Amino acid sequence: MPTTTPALPADVNDRLTNLEIKASFSEDLLDKLDQIIIRQQDQIDRLTQELQWLRQQAPAEGAAAPRSLRDELPPHY
């Protein structure tokens, strides 16, 4: 004798369908956010490498002669 599952009321089926739809949209959103985080981390890594490169290119603090703020003024002052 096969067991049969009782039929669910229509509103329960509708609610279950709506929950499945919401879960599907949530999974899609989670995947999109995951991709955004991956891209952002890649960008952070590249910027960190560039900052390290720029720091290496900058002259050492002790090697540069002290600069006067007067030298920074535009010529019309």
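Which side chains meet in a salt bridge, N to O? In this predicted model, the partners are Asp28 and Lys32, whose side chains are joined at 3.4 Å, N to O, and this contact is the one salt bridge that the structure holds. Both residues lie in helix H1, where they are four residues apart, a spacing of about one turn of the helix. The two partners fall into separate accessibility classes: Asp28, with a relative accessible area of 36%, is partly exposed because this value lies between the limits of 20% and 50%, whereas Lys32, with a relative accessible area of 51%, counts as exposed because exposure is assigned over 50%.

The helix that carries this pair spans residues 10-57, and the secondary structure of the protein chain as a whole amounts to one helix and zero strands. Of the 77 residues in the chain, 0% are classified as buried. The accessible surface of the protein chain was computed at about 8000 Å², with 58% of that area belonging to carbon and sulfur atoms.

A nonpolar patch was also identified on the surface, where Leu29, Leu33 and Ile36 together make an area of about 250 Å². Of these residues, Ile36 is placed in helix H1, and its relative accessibility of 34% puts Ile36 in the partly exposed class. Ile36 can therefore be a member of the patch on grounds of accessibility, since patch residues need over 30% relative accessible area.

Methods:
Residues numbered from 1 in each chain as written. Predicted model: local features only at pLDDT ≥ 70, side-chain atom pairs only at ≥ 80, totals over all residues. Heavy atoms only, no water. Helix = DSSP H or I, 4+ residues; strand = E, 2+ residues; numbered from the N terminus. Buried < 20%, exposed > 50% of the residue type's maximum accessible area, 1.4 Å probe, protein only. Areas by Shrake-Rupley, 256 points an atom, 1.4 Å probe, with all protein chains shown as cover. Patch = residues over 30% accessible without salt bridge, like charges linked within 9 Å, V, L, I, M, F, W, Y side chains within 5 Å. Salt bridge = Lys/Arg side-chain N within 4 Å of Asp/Glu carboxyl O.
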